[in-house]
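Here are some notes to help you find your way around this structure. Keep the viewer open and follow the points one by one.

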Amino acid sequence: MSVNQEAVQAALATVIDPEIRRPITEIGMVKDVAIDGGKVTVGVYLTISACPMQDTIVNSVKAAVSKVRDVVEVEVELDVMSPEQCNCFWQRWRWKILSNN
């Protein structure tokens, strides 16, 4: 049986960015999701390559997706936002970071 894409997206929606405190799906951090049988590979964008919270994000993604029915392996591939993506990200979410909500 194959892993359900919608179930994976729902699981990813439970992963909260530790700084912005919003779901990574909502703030544009999910690059892509690939499903191959029971293996799920999730691409995640970081705003900077040396993101201090990357381990937390990776562990949270793995924990959430591994709970999805028929998932036997979760791999997280990190990527860095392009300057344009990063600029849009910060324009949209700066207020959230500054207000610490």
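**Notes for a first look**

1. Let us begin with helix 2, whose buried residues are Ile57, Val58, Val61, Ala64 and Val65. They fall on the same side of helix 2, because together they cover an arc of only 140° around the axis. A general point helps here: an α-helix has 3.6 residues a turn, so residues three or four places apart point the same way. Please keep in mind throughout that this is a predicted model.

2. What covers these buried residues of helix 2? The cover includes helix 1 (5–12), strand 2 and strand 3. Helix 2 lies across strand 2 and strand 3, and its direction makes an angle of about 145° with strand 3.

3. The length of helix 2 can be checked too. With 1.5 Å a residue, its 13 residues should span 18 Å, and the C-alpha atoms at its ends are indeed 18 Å apart, so the two values agree.

4. Next, the sheet. Three strands make up an open sheet, ordered 1-2-3, with mixed pairing. Strand 1 and strand 3 are at the edges; each has a single partner strand, so one side of each lacks a neighbour in the sheet. On average, neighbouring strands are turned by 15° against each other, ignoring direction.

5. Strand 1 (residues 30–36) and strand 2 run antiparallel and are joined by six bridges. Val30 has Val44 as its bridge partner in strand 2, and Asp32 stands opposite Gly43 of strand 2. Two residues lie between the strands of this hairpin, where Gly37 adopts a positive phi near 65°.

6. How do strand 2 and strand 3 run, parallel or antiparallel? They are parallel, and eight bridges join strand 2 to strand 3 (residues 73–80). Between these two strands the chain passes through helix 2 (residues 54–66), giving a right-handed β-α-β crossover. As an example of a facing pair, Tyr45 stands opposite Asp79 in strand 3.

7. Is strand 2 mostly covered or mostly open? Strand 2 (residues 39–46) is mostly covered, with seven of its eight residues buried. Helix 1 contributes to the picture around this strand: it lies across strand 1 and strand 2, running at about 140° to strand 1.

8. Finally, have a look at Trp93, which sits in helix 3 (residues 83–99). Trp93 counts as buried because its relative accessibility is 5%, and the cut-off for buried is under 20%. Which residues does Trp93 touch, leaving out those up to four places away in sequence? They are Ile20, Arg22, Glu26 and Ile27. With Ile27, the contact joins parts of the chain 66 residues apart, and the C-alpha atoms of Trp93 and Ile27 are separated by 8.0 Å.

Definitions and conventions:
Residues numbered from 1 in each chain as written. Predicted model: local features only at pLDDT ≥ 70, side-chain atom pairs only at ≥ 80, totals over all residues. Heavy atoms only, no water. Buried < 20%, exposed > 50% of the residue type's maximum accessible area, 1.4 Å probe, protein only. Helix = DSSP H or I, 4+ residues; strand = E, 2+ residues; numbered from the N terminus. Pairing = 2+ DSSP bridges. Right-handed = clockwise from strand over helix to strand, strands pointing away. Expected span 1.5 Å × (residues − 1). Arc of directions from axis to C-beta. Contact = heavy atoms within 4.5 Å. Axes fitted to C-alpha atoms, helices over the stretch in contact; angles between N-to-C directions.
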